[in-house]
Amino acid sequence: MRIYLGVPDYFSPLELGKEWLFELTCKHQPRTGAILMNGGELFVRATGDSMPLEDGVRPMGFLLAMGLEIKGKVVVIKRGRWGGNPSDPRYAETARMHGESRQLSVPPSISEAYYHRFDGMIIPKYCTIGIGGRMLPYPTISWQVWETYLERFRGYKKKYLPWLEERIPGIRHPGKLTPWINFRMFLYAPGTAGKEGDAFFVKNHIQDGVIYHVHDGDVENMRILADPAEAIDRYCEHVLLEKEGRFDFMPYTQEWRP
């Protein structure tokens, strides 16, 4: 097996197979794991892209994406470069170098299932693969910060930013450019009929595995997931199998008492 350090490591999954790639998903998220295992074979797609150099020369490069087909749709499986995935032998060295491991903010069952041997999943809306597709636990690089989520609400800076600070000590990062990187959304389930949907956040500065739930934009009645492994497994099954209706997370939540 040849590993190229400058591109995502899709060579390992292609060589080791779906059994290796989804082993921990099947262990911790059995419904979702079974659907992935019963899907199509893994494939890698390369699309052309221009990469500018400092001298103005623009050699042709490629964007790579790995995925599989489930019920006639593509599910993209993201991975980091060799050494950048928690399952890689060199990951401990890489994590120390970069000083951040966002996947540790979710409970271990979720982390191992979706962020250990791969880095989240995407269902692309279009034939081109971007950073969207947040219906499934999505790549850590795309976890949306609290302030960006709040931009849909009028007057949020005076209302909801201090509201969260009062309830989670230290949540505001001292850096002026990125004050809300400590509270990020890793999953968003769209709503229906004009509803906001279900947004799920985790802390990055205290990685205790608590998942916060905002239902239909009701920030002030934020809840937490009481059984995150069961809730997310059943939700991903609902999405991947395209079951009718909106998934109801409420039975898997409980009141948050800061």
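Me: Before I look at helix packing here, how are the axes and angles defined?
Reply: Axes are lines fitted to C-alpha atoms, for helices over the stretch in contact, and angles run from 0 to 180 degrees between N-to-C directions. Helices are DSSP runs (H or I, at least four residues), numbered from the N terminus. This is a predicted model, where local features need pLDDT of at least 70, side-chain atom pairs count only at pLDDT 80 or more, and totals for chains, interfaces and linings use all residues. Residues are numbered from 1 along each chain as its sequence is written, and side-chain values use heavy atoms, with hydrogens and water left out.

Me: OK, so how do α6 and α9 cross?
Reply: The axes of α6 (residues 108-115) and α9 (residues 228-240) come within 9 Å, crossing at roughly 35°.

Me: Which residues make the contact?
Reply: From α6 you have S109, I110 and Y114, and from α9 P228, A229, I232 and C236. Contact means heavy atoms within 4.5 Å.

Me: P228 caught my eye. Is that one buried or exposed?
Reply: P228 is buried, at a relative accessible area of 15%; the cut-offs are under 20% for buried, over 50% for exposed and partly exposed in between (1.4 Å probe, protein chains only).

Me: What does P228 touch?
Reply: Leaving out residues up to four places away in sequence, P228 touches P107, I110 and I211.

Me: And how far is P228 from F249?
Reply: Their C-alpha atoms are separated by 9.8 Å, with the two residues 21 apart along the chain.

Me: Switching to α4, which residues are buried there?
Reply: In α4 (residues 30-38), they are T32, G33, I35 and L36.

Definitions and conventions: Helices (H or I, at least four residues) and strands (E, at least two) are DSSP runs, numbered from the N terminus.
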